[in-house]
Amino acid sequence: MLECYSGWGGAEARGVSDGDWVSLTGVGADVGKSGYEFAGWALSPEDGAEGTAAYADGDTTEALESSLTLYASWRNVAPPAVTDAAALAGDGKIALSWTEPDAADLAYIEIKYGSVTLKVGSDSGTASGTGSTVIKLLESGTEYEFTLRAVDREGLASDQVVIRGTAL
């Protein structure tokens, strides 16, 4: 008989005998660790924290003792992209707005146009809100292309969202 106890930190298999084969399975998709995905099983808490996995989901291993303890290993993933992005033209300016993704480790929204890069909401630590900024001193009648990306605290960026607007 094999009993498994799993959670954020790891899983413990009890009731195994020396030489038994143990099947290792993932912890599931919804474990409440926003911004991370399950990478596999590590042999120590330190390796798990670093995203180092000794075993992948579905691997098997021989139990060398009557108790086997493994630690969940997590890999940081980029946040989802912004949604509902829009550009509203004004006199020599364009107002940009968007909805931020639901990402607990969101650091800022990166906006690029031409050779300019802006960081809006830098290190806000908030998620799932609305954002906006006004780009001023633009040439009237010129169409501008803006790319928006959500960036997390580790520097991973979402897919870009492209919007266009023409200053009046």
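Which residue in E10 does Ile 111 stand opposite? That would be Leu 118. Keep in mind that this is a predicted model.

Let's step back to the strands around this pair. Strand E9 covers residues 106–113, and five bridges join E9 to E10, with the two running antiparallel. E9 and E10 belong to an open sheet of four strands, ordered E10-E9-E12-E13, and the pairing is antiparallel. At the edges you'll find E10 (116–120) and E13 (161–166); each has a single partner strand, so one side of each is left without a neighbour in the sheet. As for twist, neighbouring strands here are turned by 25 degrees against each other on average, direction ignored.

Here are the strands of this sheet whose residue ranges can be given:

| Strand | Residues |
|---|---|
| E9 | residues 106–113 |
| E10 | residues 116–120 |
| E13 | residues 161–166 |

Now for the whole protein. It has 13 strands and one helix. Reading from the N terminus, the order is β-β-β-β-α-β-β-β-β-β-β-β-β-β, which puts four strands ahead of the helix.

How much of the protein is buried? Of its 168 residues, 35% are buried. On the outside, the protein exposes about 9400 Å², and carbon and sulfur atoms supply 47% of that area.

Finally, a word on contacts along the sequence. Take the contacts between residues at least 6 apart in sequence: 63% of them join residues at least 24 apart.

Notes. Residues are numbered from 1 along each chain as its sequence is written. This is a predicted model: local features need pLDDT of at least 70, side-chain atom pairs count only at pLDDT 80 or more; totals for chains, interfaces and linings use all residues. Side-chain values use heavy atoms; hydrogens and water are left out. Buried means under 20% relative accessible area, exposed over 50%, partly exposed in between (1.4 Å probe, protein chains only). Contact means heavy atoms within 4.5 Å. Accessible areas come from the Shrake-Rupley method with a 1.4 Å probe; for residues, only the protein chains shown count as cover. Two strands pair if DSSP finds at least two bridges between them. Axes are lines fitted to C-alpha atoms, for helices over the stretch in contact, and angles run from 0 to 180 degrees between N-to-C directions.
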